Amino acid sequence: ATSRGDSYIFLWDLLKDEYSETLRGGHTKAVTAVVYQNANTIVSADEEGKVLVWVLPNTTAPDHVLGRHNSAVRAMAISPDRKMLLTGGDDERITLWDLTTGTARWSQRHPGGVLAVAISNGRFVATAGRDNVVRLWQKETGTPEGTFAGAISALVFSRDGLELAAGARDGRLIVWEVGSEKLKYVLKEHT
């Protein structure tokens, strides 16, 4: 699923290299993030801060509004068990949503606005923002756990949740050890 900077979401047939369906009718502003919860459920967010849940095969309207931010959502990540969604946006908020109940579990402030989020299969979630700080949070409670310095635009946890990889805005790939917050690797000139 992709968006092209407008209010539509395109579902692609990868074997034919063309889009097969268009989701429309839920967003009135540009779609900024899209994730699959499972094969039949897509979550999308937009410039207004709306977070929508789509259940296929319905492509004309979302199933429901999960929630909203006060301004544009810039990043979303789905948990490995597909039960939680982490969102972050220009309103300097991150929210962990329970997709089974449709409610927010917690919300916290990340100063400067959020550019990237990630959820581990362990105890943590991570956020990166315009403040050039990567923050670790307890997944269950939203309690702050630690920080790393860096101008980061992408985040992902390793499968075991013990390492956090970050794509830096200067082209480097940085890997931190989560438990100790030690820098493990820096790959320079990543293009």
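Two strands count as paired if DSSP finds at least two bridges between them. By that rule E12 and E13 are partners: five bridges join them, and the two strands run antiparallel. Keep that pairing in mind as we walk through this predicted model, since much of what follows is built around E12.

**The chain as a whole**

The chain has 18 strands and zero helices. Its C-alpha atoms fill a box of roughly 45 × 35 × 30 Å along the principal axes. For 191 residues, a compact globule would have a radius of gyration near 16 Å, and the chain agrees with this because its own value is 16 Å. Buried residues account for 47% of the 191 residues. If you look at contacts between residues at least 6 apart in sequence, 31% of them join residues at least 24 apart.

**A four-stranded open sheet**

Let's turn to the sheet around E12. Four strands form an open sheet in the order E11-E12-E13-E14, with antiparallel pairing. Which strands stand at the edges? They are E11 (114–119) and E14 (144–149); each has a single partner strand, so one side of each is left without a neighbour in the sheet. From one strand to the next, the twist averages 20 degrees.

As general background, strands of a sheet pair through backbone hydrogen bonds, either parallel or antiparallel. Here E11 and E12 (residues 124–129) pair in the antiparallel sense over five bridges, and the two form a hairpin with four residues between them. Within this pairing, Ile119 stands opposite Val125, while Val114 stands opposite Gly129. On the E13 side, Phe124 of E12 stands opposite Gln138.

How many of the residues of E12 are buried? Six of its six residues are, so the strand is mostly covered. Phe124, Ala126 and Ala128 point one way from E12, and Val125, Thr127 and Gly129 point the other way.

The hairpin of E12 and E13 has three residues between the strands, and Asn132 takes a positive phi near 60 degrees there. Asp131 also has its place in the loop between E12 and E13. With a relative accessible area of 24%, Asp131 is partly exposed. Leaving aside neighbours within four places in sequence, Asp131 is in contact with His110 and Pro111. The C-alpha atoms of Asp131 and Gly112 are separated by 5.2 Å, although the two residues are 19 apart along the chain.

**Two aromatic pairs**

The structure holds two aromatic pairs. A pair of aromatic rings is described by the distance of the centres and the angle of the planes, and the table gives both values.

| Pair | Centre to centre | Angle between planes | Type |
|---|---|---|---|
| Trp106 and Trp137 | 6.5 Å | 35 degrees | tilted |
| Phe148 and Trp176 | 4.4 Å | 15 degrees | stacked |

Trp106 sits in strand E10 (residues 103–109) and Trp137 in strand E13 (residues 133–138), so that this pair links distant parts of the chain, 31 residues apart. Trp106 is buried, with a relative accessible area of 7%, and Trp137 counts as buried at 3%. In the stacked pair, Phe148 lies in strand E14 and Trp176 in strand E17 (residues 173–177), so the pair ties together parts that are 28 residues apart in sequence. Both Phe148 and Trp176 are buried.

**Nonpolar cores**

Trp176 appears again in the largest nonpolar core, which has 17 residues. Those with the most contacts inside this core are Val134, Leu136, Ile152, Leu155, Phe157, Leu164 and Trp176. At least two core residues come from each of E11, E12, E13, E15 (152–157), E16 (163–168) and E17. Phe157 gives a good view of the surroundings: not counting residues up to four places away in sequence, its contacts include Ile119, Phe124, Val125, Leu136 and Leu164. Apart from the largest core lies another core, of 13 residues, among them Ala33, Leu66, Trp97 and Leu99.

**A buried loop residue**

One last stop is Thr59, found in the loop between strand E5 (50–55) and strand E6 (64–68). Is Thr59 buried or exposed? Thr59 counts as buried, because its relative accessibility is 15% and the cut-off for buried is under 20%. Not counting residues up to four places away in sequence, Thr59 touches Glu21, Thr22, Leu23, Arg24 and Trp54.

Terms used
Residues are numbered from 1 along each chain as its sequence is written. This is a predicted model: local features need pLDDT of at least 70, side-chain atom pairs count only at pLDDT 80 or more; totals for chains, interfaces and linings use all residues. Side-chain values use heavy atoms; hydrogens and water are left out. Buried means under 20% relative accessible area, exposed over 50%, partly exposed in between (1.4 Å probe, protein chains only). Contact means heavy atoms within 4.5 Å. Axes are lines fitted to C-alpha atoms, for helices over the stretch in contact, and angles run from 0 to 180 degrees between N-to-C directions. Rings of Phe, Tyr and Trp (its six-membered ring) pair if their centres lie within 6.5 Å; planes under 30 degrees apart count as stacked, over 60 as edge-to-face and the rest as tilted. A nonpolar core is a set of buried Ala, Val, Leu, Ile, Met, Phe, Trp, Tyr and Cys residues joined through side-chain atoms within 4.5 Å. The radius of gyration is taken over C-alpha atoms; the globule rule is 2.2 Å times the number of residues to the power 0.38.
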